[in-house]
Each structure stands twice: as C-alpha cells, then as structure tokens.
Amino acid sequence: MGGSVVPAVVRAIRILRYLERQGTRGATLAQIYRALALNKSTCHSILKTLERFGFLESAPQSRRYGLGRAVFELGRAADRARPHLAFGVRVAPRRLRHRGWGGMIPDRFEYFAPRTVDEAVSLLQRYGAEAKPLAGGHSLVPLMKLRLAAPRYLIDLNRISGLAYIQEADGFLRIGALTRHADLEASDLIRAHYPLLADTARVIADPLVRNMGTIGGSLAHADPAGDWGAAMLASQASVVTTSPRGARTVSIDDFMVDTFTTVLEPDELLTEIRVPRPPARSGGAYLKLERKVGDFAIAAVGASLVLDSRGTCDQAGIGLCNVGATSLRAQRAEQILRGQKPDEATIARAAQAAADESDPASDLRGPAEYKRDVVRVLTARALRRALQRARGGE
Ligand SMILES: Cc1cc2nc3c(=O)[nH]c(=O)nc-3n(C[C@H](O)[C@H](O)[C@H](O)COP(=O)(O)OP(=O)(O)OC[C@H]3O[C@@H](n4cnc5c(N)ncnc54)[C@H](O)[C@@H]3O)c2cc1C
C-alpha cells in the first residue's frame, strides 16, 4: 500500500465501511475514490491489496468491488470474541462466490414469540450469541437479508405485553423499549414536557419506518447515525436492562460502546429508557440536516439547557449524531456553557467546541470538514432554540 502504514490502514477501513454501506450493489473504483475524497492511484492500490487478502472481491464485467469473504470471516471471529456485538456477521463464503455479495433471502433461523420478558430472557440465555431479539425489524431484517446478520434463533419481542409505554414516575419519563417512534411522535406528554424528544421523533426516517421501528431497537442497534443515541445523551438518559442476573440501570454514556456495539450481554434485553423530568427554566431541541426527507442525518445535534433564577446556565447536555464511531457527547461544549450566561458569544464558543469534538468521516453525505461545520451551525441553532424554550417561548 506504500507510504505510511497507519493512514493506509485507516483508508482501508474507510473503504470497507463504505462498501459495507453499498451492500450488494458494490461500487466502482471511481465511486469509491470520489465518495471518500481519495487520490485515485492510492485508492486503486489499497483496493488491490485488500483484494489480494480476500477482503474485497471484484466483478470483472461490471468493474465493481464488494466485500470479500475475509471480511465475513473476520466478522465471525469478532462475533465469537465479542458476543456483545449488536449483530453477528455470518455469510456463507460459498454463497458469496456463487450469488455475488449476499442474497436477499435470510439464512435459516428458528423463530420464537415469547409472551413475557422472563420468557424472552430465558430463550436468550439458552441460545446465547446465536440468538437475536427482534423488535421493529427495521435494522435487523435488512441485515439478515444481506446476510450481514444470520442469527440462528430469532426472539420476537412484539407479543410481549407491557413493553410499550410512555409514562412519568418518580421524576423520570419512562419509555418501554418496544415503544414505536410514531408513538413518541404522537405523545401529548412528550410534546408538552420533552421538546427535545418530540423534535427527534418527528425527524426519524419516514412514517413507515416510524410506525414499526422502536426506541429500544434503535438504542440496542447502536448505529452512530441513529437519532435516539444523540437525543438521549443530550437528555442525560439511562437505560434499564433485564437478564437472568436481574435488572440493571446503565447511563446512556456507558451503554453505547462502539459502532453497533453496546454493553448488552447476549442474554440481556433493553427494557426501559429513563429520562429525568426537565426542571423549571429548562429547554431542549434536536436539529438534523439530511440529504432528503427520510434519510439518516448528515449530522444532527441535540441540546438541552437548564437555567438558574438569574438566567445562568446550570446544566447543559449536547449529543452529536453521525459524526463519530458512536453517538458523541460534546463534553467541552457543555463545560463552556455551564456557569455562564448563554449569550451569543458563549453559544458560538460552545458550537465551535462541539465541531472540534466531532469526528466525522468523509462519505456520500459529504466531506468531513463540511460535516464538522454542520455540527457547529446546528449546535448554535439548537442551543438558541433550547434557550428560547427555557425562557418560556416556543
Ligand atoms: C429506510 C430506513 C430509514 C431509517 N432512517 C432512520 C433515521 O433517520 N434515524 C434513525 O434513528 N433511524 C433510522 N432508521 C432505523 C430505524 O429507526 C430502526 O427502526 C431502528 O434503528 C431499529 O429499531 P427496530 O425496532 O427496528 O430494531 P430491530 O431492527 O428489530 O433490531 C435492531 C437491533 O437491536 C436488537 N434489539 C432490538 N430490540 C432490543 C431490545 N429490546 N433489547 C436488546 N436488543 C434489542 C436486535 O437484536 C438488533 O440487533 C431507518 C431505517 C430504515 C429502514
């Protein structure tokens, strides 16, 4: 691959991630180097190296590249080594050779529809990392169709009653894991007291996805492009999980470990999300820039502020979406705000800090520099809107 090894490895990983997103379509050399803003000959030499080691396969007729069997074998090994990965990667190499880069029909699986959380947890305990819970299916099923996930046992949570609710108790908003995005969007309680969450629910995908997708599935999937992760960071939320060892409460900061990776054990279900009830003089907002309606974010920002009686910022929460390996908390930006009057100069400094803390990749949604600036602009706007709401305006 020539030159310094570390940048070449980073570029190779970006290429693999890009091709993973392209799925069965794959991509041509020109598409890859343009999307990732790479030099053409550097890109070509990395592609050839990856192909030599089996990480890529190329189709000579269409001149397209797709992920090769070594990636899937690596995925299998990672799955064995890290059973808490949000999804396992098991593609039959034979299928890769004969049908291109995966088919559209999931691998065989056994289906269970438990009626209680206890039943679901004991099934997960019995089948371990070979089992996957199914919620809305809007992330898991596409992965299964592409054979990027091939659970042998599918534990459908949809027949469990009492796992979908939105209620307040003991100073917290409690959201059942199986609550659909659409129910959050339609909730009067959320609209009245949790504007940041109301903003978030209405910008997730399109009505079809919102009708099926669940907040628990979204957080458990831990896609850095998922909107709930950033919204929950800004809201200082925690999640409740249930396993054969009982229930535990984990702060959202500790819950999301890496891309598609959480602290959930294979026999552990996410059962509830808890958001502290915002005190008086507080406000929040979530703003997202997308290429077209219904798309994942180019970047999105959630911001929450609590003011004291003199209008000074007492608490601040800022979560960033799709500009890092996970949803990110903009810690320095939060520190800049705390103890200060949130005037334009302070907001501008916090927004710049959030941009500096973001770590976006260049891809089809734009170059990294552009996305960093989007974070700066959205953070300033979200803070202004949060402030306006904290002062009693809309
Ligand atoms: C076209 C399209 C556009 C989209 N756009 C957006 C968008 O703009 N913003 C956004 O945030 N999302 C978007 N999504 C994702 C969507 O929000 C998904 O619904 C969500 O990410 C996953 O939720 P789910 O209920 O469908 O989970 P599933 O697909 O059923 O599961 C996802 C993963 O979580 C695990 N899981 C599910 N529930 C639990 C649980 N309770 N405990 C433990 N593990 C669990 C599953 O085993 C699986 O690994 C989009 C999806 C599609 C198809």
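Helices (H or I, at least four residues) and strands (E, at least two) are taken here as DSSP runs and numbered from the N terminus. The views below show a predicted model.

**View 1. The overall make-up of the protein.** The secondary structure comes to 17 helices and 17 strands, and 46% of the 394 residues count as buried. Among the contacts with a separation of 6 or more, 65% are accounted for by residues 24 or more positions apart.

**View 2. The ligand and the residues that surround it.** The ligand is surrounded by 31 residues, of which Gly-136, Ala-205, Gly-213, Gly-217 and Ala-220 are the closest. Two or more residues of this shell are given by each of strand 5 (131-134), helix 12 (215-221), helix 13 (227-234) and strand 13 (269-276), and the largest share, 5 residues, comes from helix 12. By character, the shell divides into 17 nonpolar, 11 polar and 3 charged residues. Because domain 2 (76-156) and domain 3 (166-276) both contribute residues to the shell, the ligand lies between them.

**View 3. Helix 10 and its surroundings.** Of the 9 residues of helix 10 (residues 195-203), 8 are buried, so this helix is largely enclosed by the rest of the structure. The buried residues are Pro-195, Leu-196, Leu-197, Ala-198, Asp-199, Thr-200, Ala-201 and Val-203, and what covers them includes helix 8 (181-186), helix 9 (188-193), helix 13, strand 14, strand 15 and helix 17 (368-390). Helix 10 is followed by Ala-205, which has a positive phi, near 45 degrees, and Ala-205 is also among the residues closest to the ligand.

**View 4. The hairpin of strand 14 and strand 15.** Strand 14 (residues 282-290) has 7 of its 9 residues buried and is therefore largely enclosed by the rest of the structure. Its pairing with strand 15 (residues 297-307) is antiparallel and extends over 9 bridges, with Ala-285 standing opposite Ala-303 of strand 15. The two strands form a hairpin with 6 residues between them, and in the turn Gly-294 has a positive phi of about 95 degrees.

**View 5. Two nonpolar cores.** The largest nonpolar core has 90 residues, and those with the most contacts inside it are Val-301, Leu-305, Ala-354 and Leu-383. Apart from this core lies another, of 13 residues, including Ile-15, Ile-32, Leu-50 and Phe-55. Beyond its neighbours within four places in sequence, Leu-305 is in contact with Ser-282, Gly-283, Cys-313, Ala-316, Pro-342, Leu-383, Ala-386, Leu-387 and Ala-390.

**View 6. An open sheet of 3 strands.** The strands of this sheet follow the order 1-3-2, and their pairing is antiparallel. Strand 1 (27-28) and strand 2 (56-59) stand at the edges with a single partner strand each, so one side of each is left without a neighbour in the sheet. Strand 2 is joined to strand 3 (residues 64-67) by 4 bridges, and Ala-59 stands opposite Arg-64 of strand 3.

**View 7. Two loop residues with positive phi.** Most residues other than glycine have a negative phi. Phe-260, which is not a glycine, has a positive phi of about 55 degrees; this residue is found in the loop between strand 11 (256-258) and strand 12 (261-262), and because it has 20 C-beta neighbours inside 10 Å, Phe-260 counts as buried. Asn-322, which is not a glycine, has a positive phi of about 65 degrees, and its place is in the loop between strand 16 (313-321) and strand 17 (328-329). With 29 other C-beta atoms within 10 Å, Asn-322 is buried.

Methods. Residues are numbered from 1 along each chain as its sequence is written. This is a predicted model: local features need pLDDT of at least 70, side-chain atom pairs count only at pLDDT 80 or more; totals for chains, interfaces and linings use all residues. A residue is near a molecule or strand if its C-beta atom, placed from the backbone, lies within 6 Å of it. Ala, Val, Leu, Ile, Met, Phe, Trp, Tyr, Cys and Pro count as nonpolar, Asp, Glu, Lys and Arg as charged, and the others, Gly among them, as polar. Domain bounds come from an automatic or database domain assignment. A nonpolar core is a set of buried Ala, Val, Leu, Ile, Met, Phe, Trp, Tyr and Cys residues joined through C-beta atoms within 7 Å. A residue is buried if 20 or more other C-beta atoms lie within 10 Å of its own, exposed if 12 or fewer, and partly exposed in between; C-beta atoms are placed from the backbone. Two residues are in contact if their C-beta atoms, placed from the backbone, lie within 7 Å. Two strands pair if DSSP finds at least two bridges between them.
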